[in-house]
Each structure stands twice: as C-alpha cells, then as structure tokens.
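Morning, everyone. Let me put the structure up, and then we'll walk through a few of its elements.

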Amino acid sequence: MIDVEKIKKDFPILERKVNGKRLVYLDNAATTQKPRQVIDAVVDYYSNYNANVHRGLHTLAEEATIAYDEVRKKVAKFINAKPEEIIFTKNSTEALNLIMYAYGMSNVSAGEKLVTTIMDHHSSFVPLQILAKRKNAKFEIMDVDKEGEIPEKEYEKLENAKIASVVHASNVTGTINDIASMSKIVHEGDGVFIADGSQSVPHMKIDVKKLDIDFLAFTGHKMLAPMGVGVLYGKKELLEKMQPFLYGGDMILEVHEKESKWAEIPAKFEAGTPNVEGVIGLGAAIDYLEKLGMDNVRKHDIAITRYCMDELGKIREVRILGPENPEKRTALVGFEMKGVHPHDIAQVLDSEGIAIRAGHHCAQPLHERAGVIATARASFYIYNSKEDVDALCNALEKAQKLFA
Ligand SMILES: Cc1ncc(COP(=O)(O)O)c(C=O)c1O
C-alpha cells in the first residue's frame, strides 16, 4: 500500500487553507494536484535548458530535444507501446479529435457503423457523432443498466463496427468497461477500437498490447502532470497510413512550390512548437507514479472508494451511482442527495474547504438517460485519506440539515 501521509508532503497546495479550513481536494477526476517533483522539473526546464525542440543546433536546443524525446520513451514504456506510437497532444480531447479527423474522415463510408456508449465523455461522443453525420454513417450507442454497466447484450452493437470509441472508465459512475472483450468483437469485423483512457491511465496499469486497442487517448493533467499535455497512442501500422491532422512546421520532410512530403511518425502528427514544459512535467509525473507502483495506486483507489461508498451509504437519502463493487470502478463516487441540488452540495462543501464537482461532467447523454440534470462527484487520488472521506460525509450531513 502507499503511504498517504508521506505523499501529501510532496504536494504544496495541500498545505493551504480554503475558507479557513484544511483543503480537502476531492476533484481529482477533473484535474489532479501536482507534486513538487513535477513543479521542480518544469522550473528546471525554464531555468536551465529552455529552447525549442527538434530545430536548433545549440546546446540548449539539444538538451531540450533529448529531454522531450526521453519522455516519449517513458510514456511508451508506461503503457507498453513503441516510442513512435506516442503522439503528444494538448489533451485527451485533441487526441480523440485527431483520430476522428485523421483516421475517420478518410476511412469511413456512408452506411458504415460507428459505435460509442451512453457513458462516453463529450470529447469522444461528439467527434464520433459529427463524423457519422459528415460521412452519412450510422451512429449507435451502447446503453447501460441500472448499475451503470454495459450489459453484454449491448456488445452486439459492436459487431461489424467500422469504429468503436469507448471510455475505459466513466467519469460519472466510475464504471470500468471491459474494453479487451469489446475490442476483440470490433476486430473480428475488421473495425478499429478507440479507448478513452482519461480516467483509467492515471489509476491503473494499462497495457495497450494486452488490451489490443488501436488507439488510446489520455491527458496529463489528470495524472499529476501540467495542463496542456495529452497523449495519443496509435498502432504503428495505423498511424503510418493516416494523413496528418495539422500541417506546418515540424511535421514536414520537404516542402516545394508544388508539393510537400510529411515526416515519419510521430513527428507527422506533432505540427508546430509542442508543449515542451508539459511533456517534461509529464515525464516527472510518470516517474512519480512508477515509483509508487501502479498496482499500489490501484489498491489505494479501491480501498478509499470502498470506504467512501460504505460511509456515504450510511447517510440518509444519498444514492450512489455506478457499480456496487468498488473493484469494478475507478476512484470516484458520483451521487445524488434527495432534495438538495448538486450545486448546493458543492457550495456547502466548499465553505468547509472541500472541493468536489457538481454538474453533468461533460457526459450529458448519460444524465439524460438517467433523467437527471446534474450529479455530485467526489474523486480520489494518491494523497486522499479516510479523513478526507470523513470530512466529506460530515459536511454532507450538514448540507442535508441546511436544505431539509
Ligand atoms: C472520461 C474523460 N474523457 C475525456 C476527458 C477530457 O479530458 P481533457 O479535457 O483533458 O481533454 C475527460 C475530462 O474530464 C474525461 O473525464
């Protein structure tokens, strides 16, 4: 298991007070806080070797380029991919849009089937929906059961799909989808399987080979790294066949008056000056997580989620969303409290120094399906303790009394 008290000391922000109370940060599914090691890596880059990458011949440019490319290797190892299969993007949203444009626009034909799930985040749901409209393709949506899980019967929709895009772990219910089984079905019909790993990669060991997924998107800021850096993993043979998404500097091999040629992957998909500080910070974040061990991170997640579900369950009129078994979910607990609007809950909690999220969490179709406009969500990471859950539950009881 991980040592939460020791970890906490690495996060300067956790020392601050909010509304005179100790900060209890439970909005990790939105973004995580950053350890000193990540902040220091970014400061070190700007203090000692700030330069543009891949273009300069001077010492600083060389050092920045080496550091940038080393992180690509690190990310590749983290998910068991090859370095050239790692494309740095701005975030998951850009990674998912990149696939829909660069792969989807030239491979999907009218009448073909594109499949997602009702629990997918807007960043995967909407680009696929738009692709279907532009290409006159069919857009099918896998549904969920009462526990927020996709029943196996729904998997039939994946048969002969040209593209399926599925969120690995829901940011609303926490449900972890069986993407290995899903990708198998899609591959039997020669389709392509995209996984949105935004809520899973920060929390568990992901092996893209074992899962046999064609593309994986994830976002650095939800795994201790700075904002503005994300990752698209793509199978080499697919990336090589795809046309670029953005054109310009850095992605080019030759440019002539009449024609131009593109660089090899991954440069082909990294046009313009990249977010070097973000990438360096992501490298430090991965080092931090690897040192803890992703299996230990997962164990901690399950333990704290279980504790939160048990304690929340004791509060009158609270309904927890998603699977009952904490082992089937990632480290978040979405919930409703009868008679209290989620925004009011969030406000009362904030006055107690507790940060949670309230709203539709960029997953409006799932909320519509459940017949609710908004839900509240507490989400955890490596620095959260049982005391944080206790603070949440005490404040929720306060909110209940206030609005009852
Ligand atoms: C499941 C899921 N997918 C995608 C995203 C989008 O991430 P980003 O805003 O970093 O692109 C999020 C962010 O909340 C998410 O929870």
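Which residue in strand 10 is the bridge partner of threonine 219? It is glycine 230. Before going on, the ground rules. This is a predicted model, where local features need pLDDT of at least 70, side-chain atom pairs count only at pLDDT 80 or more, and totals for chains, interfaces and linings use all residues. Residues are numbered from 1 along each chain as its sequence is written. Helices (H or I, at least four residues) and strands (E, at least two) are DSSP runs, numbered from the N terminus.

Strand 9 first. 5 bridges join strand 9 to strand 10 (residues 230–234), and the two run antiparallel. Strand 8 (residues 192–196) is joined to strand 9 by 3 bridges, and that pair runs parallel. There, alanine 195 has leucine 216 of strand 9 as its bridge partner. Strands count as paired if DSSP finds at least two bridges between them.

Now burial. A residue is buried if 20 or more other C-beta atoms lie within 10 Å of its own, exposed if 12 or fewer, and partly exposed in between, with C-beta atoms placed from the backbone. In strand 9 (residues 215–219), 5 of the 5 residues are buried, so the strand is largely enclosed by the rest of the structure. Both faces are covered: Phe215, Ala217 and Thr219 are buried on one side, Leu216 and Phe218 on the other.

Next, helix 10 (residues 294–313). Its buried residues are Val297, His300, Asp301, Ile304, Thr305, Cys308 and Met309. They cover an arc of only 160° around the axis, taking directions from the helix axis to the C-beta atoms, which puts them on the same side of helix 10. The face turned away from that buried side carries the exposed residues Asp295 and Asp310.

What does the buried side pack against? Helix 9 (276–292), strand 13 (318–320), strand 14 (332–337), strand 17 (375–379) and helix 13 (386–403). Contact here means C-beta atoms, placed from the backbone, within 7 Å.

Last, the sheet. It is open, has 4 strands in the order 13-14-17-16, and pairs antiparallel. Strand 13 and strand 16 (357–359) stand at the edges, each with a single partner strand, so one side of each is left without a neighbour in the sheet. Strands 14 and 17 are joined by 4 bridges; leucine 332 has serine 379 of strand 17 as its bridge partner.

Helix 10 lies across strand 13, strand 14 and strand 17, at about 10° to strand 14. Helix 11 (residues 342–351) lies across strand 14, strand 16 and strand 17, at about 160° to strand 16. Axes are lines fitted to C-alpha atoms, for helices over the stretch in contact, and angles run from 0 to 180 degrees between N-to-C directions.

Notes: Contact = placed C-beta atoms within 7 Å.
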